[in-house]
Amino acid sequence: MTVSVNGEPREVLRSRTVVELVAELELPGPTLLIEHNGTALHRSEWAETPLAEGDRLELLRVVAGG
């Protein structure tokens, strides 16, 4: 299935939920903020949020510094 990740089309091979997509993309989950189809997701919602053809995801990596 194809979803949009940060405005770019991306073929998803194995992922059926947001948490599976984070793992498939090998992203550092604790540093991410995710928006799914315009709705910000709490980390506890990732495992229960299904992906569907054409979904739009925005993934932001939070970095602390001084």
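**View 1. One helix and five strands make up the secondary structure of the protein chain in this predicted model.** Along the sequence, the elements run β-β-α-β-β-β. The C-alpha atoms occupy a box of roughly 40 × 25 × 20 Å along the principal axes. The radius of gyration is 11 Å, which agrees with the value near 11 Å for a compact globule of 66 residues. Of contacts between residues at least 6 apart in sequence, 49% join residues at least 24 apart.

**View 2. The surface and charges of the protein chain.** About 4,400 Å² is exposed, and carbon and sulfur atoms supply 54% of that area. Of the 66 residues, 33% count as buried. The chain carries 6 positive and 11 negative charges, and their mean positions lie 5 Å apart.

**View 3. Strand β3 spans residues 32-36 and has two faces.** In a regular strand, side chains alternate between the two faces of the sheet. Leu32, Ile34 and His36 form the covered face of β3. Leu33 and Glu35 form the uncovered one.

**View 4. Strand β3 pairs with strand β5, residues 56-61, in the antiparallel sense.** Five bridges link the two strands. Leu33, on the uncovered face of β3, has Leu60 of β5 as its bridge partner.

**View 5. Strand β3 also pairs with strand β4, residues 39-41, in the antiparallel sense.** This pairing has three bridges. His36, on the covered face of β3, is bridged to Thr39 of β4. Two residues lie between the strands of this hairpin. In the hairpin, Asn37 takes a positive phi near 50°.

Technical notes: Residues are numbered from 1 along each chain as its sequence is written. This is a predicted model: local features need pLDDT of at least 70, side-chain atom pairs count only at pLDDT 80 or more; totals for chains, interfaces and linings use all residues. Side-chain values use heavy atoms; hydrogens and water are left out. Helices (H or I, at least four residues) and strands (E, at least two) are DSSP runs, numbered from the N terminus. The radius of gyration is taken over C-alpha atoms; the globule rule is 2.2 Å times the number of residues to the power 0.38. Buried means under 20% relative accessible area, exposed over 50%, partly exposed in between (1.4 Å probe, protein chains only). Contact means heavy atoms within 4.5 Å. Accessible areas come from the Shrake-Rupley method with a 1.4 Å probe; for residues, only the protein chains shown count as cover. Lys and Arg count as positive and Asp and Glu as negative; His and the chain ends are not counted. The place of a charge is taken as NZ of Lys, CZ of Arg, CG of Asp or CD of Glu. Two strands pair if DSSP finds at least two bridges between them.
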